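Trainee: Could we go through this model together, one question at a time, before I write up my notes?

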Amino acid sequence: MAGSRADLRANLTGWAFVAPALTLLGLFMAYPILWSLYMSFQTGKGMNFKFGGMSNIYRLTQDPVFLRALSNTMVFLVVQVPIMIVLSLLFAAALNNPKLRGRAILRTAIFLPCVTSLVAYSVLFKSMFAIDGVVNDSLLFLHIISEPIRWMIDPFWAKVLIIMAITWRWAGYNMVFYLAAMQNIDPSIYEAARIDGVPARARFFKITIPMLKPVILFTTVLSTIGTLQLFDEVNTITASQGIGGGPADSTLTLSLYIYNLTFRFMPSFGYAATVSWVIVILVGILSWVQFQVAKDR
Amino acid sequence: MSLFSRLFSLLTQAMLWLAAFISVFPFYWMIAGATNTANDITGGKFTLGTNLIPNITKFFELVDVPLVFFNSLVVAIGGTVLTLIVASLAGYGFEMFRSKTRDRIFGGLLLMLSVPFAAMMIPLFVMFSGVGLMNTYFAIIAPGIASIFMIFYFRQNTKAFPSELRDAARMDGLQEWQIFLRIYMPVMRSTYAAAMIILFMTNWNAYLWPLIVLQTNDMKTIQLVVASLATAYTPDYGLIMVANVLATLPTILVFFLLQRRFVEGMLGGVK
Amino acid sequence: MSGLKLTGLRKNYGAHQVIKGVDLVVEPKEFVVFVGPSGCGKSTLLRMIAGLEEISGGDLTIGGVRMNEVDASKRGIAMVFQSYALYPHMTVRENMGFALKYAGESAANIARRVNEAAKILELHKLMDRKPRDLSGGQRQRVAIGRAIVRHPEVFLFDEPLSNLDAELRVQMRIEIARLHKELQTTIIYVTHDQVEAMTLADKIVVLREGLIEQTGAPLTLYDDPDNQFVAGFIGSPRMNFLPAVVKNGALTLPEYDGQVIPMPPVAAKLAEGAEVTVGIRPEHFRTGGSASLDLTIELIEHLGGESFAYARQGKANVITIATGTGRNWASGERIQATFDPASVLLFTAQGARVR
C-alpha cells in the first residue's frame, strides 16, 4: 500500500515523542504499583517475606492502630473537605462582586497560604498554637476562652488544629478555581435572571452553583485524594520528639502509618503495601461516589 | 440599597477582611518570629524583637546553609527542567499523533493519576536502595519527572496549538522534531511558563519523598532541615523562623513576580 | 508552470472512504476552483495534492512526475491556509523566508526573493512586524507572500477568504485574480462560496461525497449543468425545482393545483406519465415568455437594483422570482409569473439532466 509506509513513519514518530515519559512512568509508577499490589499479599519483616494470602487483610481488621488511623483519616475527610469547599465558595462569591473595594488585595491575601510549603506552614502553626502561644493569648484576651486550649495535648483539639491548618492552606487555592469559573459565566445570564426578577440568593443557588458543578466536582475529588494522603502536617504540627500523629495517635493518618510501618519500625513492607492499597481503594470508591452524586443532580 | 442588603454587604466585607487577616498573619508571625527568641515566640510575642542577628548566626552555625540551599535549588531546577521536557514531548505526542493504542495508554495514565503516592513509596524505596541510588539527587528527582498531571496539562494546551501551523511547517520542509523545537516550543511559551512556576513550587516544597530518600545531612534540602529542626525535642523557634523565611522566600517571590501566570498554571488542567 | 493529473485518486480513513476515485486534469496556468457542500471532500483532496494527507489509492502527477510519496515540501507547491497559519513568534520577514531557509537557500537569495514578493504584495512597510500586529487583510497578504516566495509550480488555496469580512473579501478576491494574471501560475482554490468560484475560476470542479459531479467553465456549469445537484449548487439565489408529470403533451404540476406548462423542446422524448423535475432559475422569470404560473406573493425583498419575490401556490414549495426592480409588487398579491418554456431544465427522478 502506498500510504502505509508514511503512516508507519508517523506512528513511529508518535511513539518517539511519548517514549521518554512512558519509560519513566513504567519504571517509577506502573512497576511500583504492581509491585506493591504483589507485596500486599506477602508477610514478613525486612526483605524476608513469603506469600501470606489474605493474612495481611485479616491483620488489618485486627490492628487497632490501623483502625485508628483509618477513622482519623475519615474524620479529617468528612469534616474538613465540606467546610473548606463551602468556605472557598463563599470567598469566591464575595470576591466576584466587581464593586467590592480592595478586591485584588483580598484575593491575593486569601490565596497566599497555598504558596507556602507544607513543612513551613506546619511549623508556623505549631509555634502559634503553643500552649501559651499567640492564639491562646489572643483568645484569652478577647475573653472567648477562660483557660488556654491544650491544642497539642488534647486529642480532640489536636484534630481541630489539623483541620484548621489544612483549611488555612487550601481554602484560597480552591477559591481561585471557583473564581475563575464564576468569571467564565456569561454575565448576560445574570442580567436575564435579574430581568426575570430572580432574587440574589436564588441567583447564587440556582445559577452559579449548578454552573460551577464540574469545578466543584474537580476540586472535591482533588481534596479527597489530598486528605486521604495527609502526611506532612501530622508529621510536623502534632509531632513531638520526631514522631508524628500525636497526641496518643489521635492525628495518626493512613499515610503516616504506612511511613511508620516502613521506616520507623522494623520494616513490614507487605503489610504497609496492604495499607497503601486501602487508600487506593478509598480514593477509587469516593471518586466514584462523587461522580455519581454530581451526575444525579 | 435597602438596609438589609447594606448590612449584608458590610458583613461580607468583614468576613473577607477577617479571612485575609487570618491568611496573612502567619506570614507576619514568621517574620516577627525571626526577630524574637524561642521563649518569646512560644510565649506569644507578636511584635518585632531584637534577636534577628543571633537567630541568623545560630542558624548558620548549626546548618550549612549555602549547601542546603544549593541542594534545594538543584532538586527544584533539575526536576522542573526535566519534567518540562519530558511532559511537553509526551503531551505533544499524545495530541498530535493520535492512534487508538496511544489514546488507550493515555486513558490508563489518567487512571494512574488517582493512585496515591503512598502506594508507590515503598516499592520506590526498595527499588532505589536495591540499586544503591539512595541519597542522590537522581533519586529525588527521577520519580517525579514523568508527571501525569503535567502530561495531561500539556496535552490539553496542545489542543489550542493550530494544526494548520504544523501543516505550514511541514510544507516549509521541517521534520517533526524541528516543528516541535522551532514552532511548538516558541509558540507555546506561556504554557511552558505557567507549568514551570507550578513545577518549581512543587519541587521546591517536596517533603515526604526527599525525607525517605535523603539520609545524610550534606544532601538535605531546606524543607527537611526546617522539619527536623521543628520536630526536635526542644525546638528553637527563633532560628526555625529564619530557616522558614528562607524556605518560603523563593516561592513567594515567584508568586508575586508572576501572579497571573501562576494562577494560569494552577487552572491549566481544568480548561 | 506545471499542470496536474489526478487519476483514480482515493482516500480512506479505515473502512470509511472520503475520496472515492477522482480523475481530473489541471492544465498549466489554469485557475481551478473546487466547490461543494461541507463534507464533500474538497479540502481533503487539496490536502492530498499538498502532501499533507496520505494518498490511499490512484496516482497524482505534478508536471508529469508522480508525487504520491514525495514529501510535502518537495512537490513544488505552496499553500495558503484558511487561518493563514503564520508563525506567531516570527516577523513577517522571517515568516516569508522560513521555508527557503530549510530549502538551503543562501541568505542573500532569501532576502532578494522575500523583497520581491513584498513588492508584489505591497508589504514592505510591514516586514518587521509580528502577525499579531497585523489586520486580517494584511495577514492574508503575508500568507500569500509566504507562498509566492517559494516560486511554486502550483499554488493551493484552502478557503483563504473565509475569515475576512465581506468588503475585504471582495478586495482580496480581486487581488488574487490580479496575482494569477501577474504570476501565471497554476492555482487550485477551495471554497464553499460560489461567487468566488464563478468570478475566479477558469474551471470549476463540483464535488459531492468524494466524487466529482461536474467539471467545466463557470458559465458552462451555470447554463448547462449535468445534473440537478450542480444546477442547484451553482447560481444564487438557487434554482427553483418543481415536480412535474408528462401528461397529454404538456407538463402538469400536481403540487401547484395541477397547473399546466407547455412542453419544452427537450421533453419531446419523454414518455407519457413520466415524472420529472422542472428547473427554473429565478432570473428566467424576468424576461417573461409563453408559459405562466398563477402564484401568490408571500414576501418580497427589495435589494434596490433587483427585487426577489417569494411566491407559492397552496402548500407547494416557495418559488423565488427575480422581478427586476419590481417596486409595484406587494405581498399578498396574486400574480402570473411568466417565462420561456425553452429556458427551463428538466431532470429525471434520479436527478440526471434530460437533454
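The exchange below concerns a predicted model, and it takes up strand pairing in one chain before turning to two interfaces.

Trainee: In which sense do strands S1 and S4 of chain C pair?

Mentor: Strand S1 of chain C covers residues 4-13 and strand S4 of chain C covers residues 57-62, with five bridges between them. One pair of residues in register is C:Arg10, which stands opposite C:Gly57 in S4(C). The sense in which S1(C) and S4(C) pair is antiparallel.

Trainee: Which residue in the turn between S4(C) and S5(C) has a positive phi?

Mentor: S4(C) is joined by two bridges to strand S5 of chain C, residues 65-66, and these strands run antiparallel; the bridge partner of C:Ile62 in S5(C) is C:Val65. The two strands form a hairpin with two residues between them. The turn residue with a positive phi, of about 60°, is C:Gly63.

Trainee: Which three residues supply the most of the area that chain C buries against chain B?

Mentor: The contact involves 26 residues of chain C and 16 residues of chain B, and the area buried between these chains is about 1,800 Å², with 58% of it from carbon and sulfur atoms. A share of 33% of what chain C buries there, more than any other three residues supply, comes from C:Tyr87, C:His89 and C:Tyr102.

Trainee: Which residue of chain B meets C:Arg47 in a salt bridge?

Mentor: Two salt bridges are found across the interface of chain C and chain B, along with seven residue pairs in polar contact. In one of the salt bridges, the side chain of C:Arg47 is 2.6 Å, N to O, from that of its partner, B:Asp167.

Trainee: Which element gives the most to the side of chain C that touches chain B?

Mentor: Helix H1 (42-50), strand S6 (77-80) and helix H2 (92-102) of chain C each supply at least two residues of that side. By class, the residues of this side divide into 15 nonpolar, five polar and six charged. The element that gives the most, with four residues, is H2(C).

Trainee: How many salt bridges are counted between chain B and chain A?

Mentor: Here 85 residues of chain B are in contact with 78 residues of chain A, and about 7,100 Å² is buried between the two chains, 82% of it on carbon and sulfur atoms. Eight residue pairs are in polar contact, and the side of chain B that touches chain A has 66 nonpolar, 17 polar and two charged residues. The count of salt bridges between chain B and chain A is zero.

Notes
Residues are numbered from 1 along each chain as its sequence is written. Chains are lettered from A and ligands numbered from 1 in the order in which they are written. This is a predicted model: local features need pLDDT of at least 70, side-chain atom pairs count only at pLDDT 80 or more; totals for chains, interfaces and linings use all residues. Side-chain values use heavy atoms; hydrogens and water are left out. Two strands pair if DSSP finds at least two bridges between them. Contact means heavy atoms within 4.5 Å. Buried area is the accessible area (1.4 Å probe) that two parts lose on being put together, summed over both. A salt bridge is a side-chain nitrogen of Lys or Arg within 4 Å of a carboxyl oxygen of Asp or Glu. A polar contact is a pair of N or O atoms within 3.5 Å; within protein, one must be able to donate a hydrogen and the other to accept it, and residues adjacent in sequence count only if both atoms are side-chain atoms. Ala, Val, Leu, Ile, Met, Phe, Trp, Tyr, Cys and Pro count as nonpolar, Asp, Glu, Lys and Arg as charged, and the others, Gly among them, as polar.
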